[in-house]
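Me: Please take a close look at one part of this model, the place where helices pack against one another, and describe it in one connected account.

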Amino acid sequence: MTVRSDKARGNAGGNTRTGDAVVPDESGARPGSGNGGEAAGEERADEGTADGGRGLGSRAPHFIRRSRPLHLSWQVAVFLVGLAVVGAGVVMLPLPGPGWVVIFLGMGIWATEFVWAQLALRWTRRKVAEAAQKALDPKVRRRNIILTVIGLAVIAGIGAWYLSRYGLVMPWKIGN
């Protein structure tokens, strides 16, 4: 039996002696239930519905969650695959390639097994949705268009100054 305070999982049940939430252990069995993981599977479907998402916790198949050593090796494999994908995304940031997309793909791989990654992805989705709503605001769009036009005018002014000063001479031939 695993007893821990776990507000992130949204468990309503609790340990009356300590006040801590009682959550299913790694095998998915809730303390006091004799049916293995079936009740825990029903419970997982209900968790996390307050914000419209799926419940938190492992998405590993039941036969893997049933065996502690198998589940631990599954977690290690998921972590290493996610780490490789996130690492590739970080390498793609300065190089050509979809770096951020690959990083979020790696976070999605981690989120299949780890609660911290699930929470990070939920936070990211919420922030992206807020930014998209903000970008659709007419005042923000107007401001962005004005700033873009000013920036292009500055660049055109610098280009005109350069052409009037040096003409169409290539920079490496200026000294001649």
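Reply: Axes here are lines fitted to C-alpha atoms, for helices over the stretch in contact, and the angles between them run from 0 to 180 degrees between N-to-C directions. The model is a predicted one, and in it the axes of helix 4 (residues 99-111) and helix 5 (residues 115-135) come within 7 Å of each other and cross at roughly 135 degrees. Helix 4 is therefore oblique to helix 5, since angles over 145 degrees would be needed to count as roughly antiparallel. The crossing in which helix 4 passes helix 5 is left-handed. On the side of helix 4, the residues that make this contact are F104, M107, G108, W110 and A111, and they meet W116, A117, Q118, A120, L121 and T124 of helix 5. Sorted by class, the residues of the contact between helix 4 and helix 5 comprise 8 nonpolar and 3 polar, with no charged residue.

Helix 4 also packs against helix 3 (residues 68-92), at an angle of about 170 degrees and with the two axes 7 Å apart. Because of that angle, helix 3 is roughly antiparallel to helix 4. Helix 3 contributes V78, F79, V81, G82, L83, V85, V86, A88, G89, V90 and M92 to the contact, while helix 4 contributes G99, V102, I103, L105, G106, M107, I109 and W110. This contact of helix 3 with helix 4 holds 15 nonpolar and 4 polar residues, and again no charged ones. M107 and W110 of helix 4 appear in the contact with helix 3 and are also listed in the contact with helix 5.

A further detail concerns G57, which lies in the loop between helix 1 (38-46) and helix 2 (62-66). G57 has a relative accessibility of 4% and therefore counts as buried. Although 55 residues separate G57 from T112 in sequence, their C-alpha atoms are 7.8 Å apart in space.

As for the setting of these contacts, the chain has 6 helices and 0 strands, so that its pattern, read along the sequence, is α-α-α-α-α-α. Of the 176 residues in the chain, 25% are buried, and the accessible surface comes to about 12,000 Å², with 66% of that surface belonging to carbon and sulfur atoms. Among the contacts between residues at least 6 apart in sequence, 36% join residues at least 24 apart.

Definitions and conventions. Residues numbered from 1 in each chain as written. Predicted model: local features only at pLDDT ≥ 70, side-chain atom pairs only at ≥ 80, totals over all residues. Heavy atoms only, no water. Helix = DSSP H or I, 4+ residues; strand = E, 2+ residues; numbered from the N terminus. Parallel < 35°, antiparallel > 145°, perpendicular 65-115°, else oblique. Left-handed = near helix turned anticlockwise from the far one by under 90°. Contact = heavy atoms within 4.5 Å. Nonpolar A, V, L, I, M, F, W, Y, C, P; charged D, E, K, R; others polar. Buried < 20%, exposed > 50% of the residue type's maximum accessible area, 1.4 Å probe, protein only. Areas by Shrake-Rupley, 256 points an atom, 1.4 Å probe, with all protein chains shown as cover.
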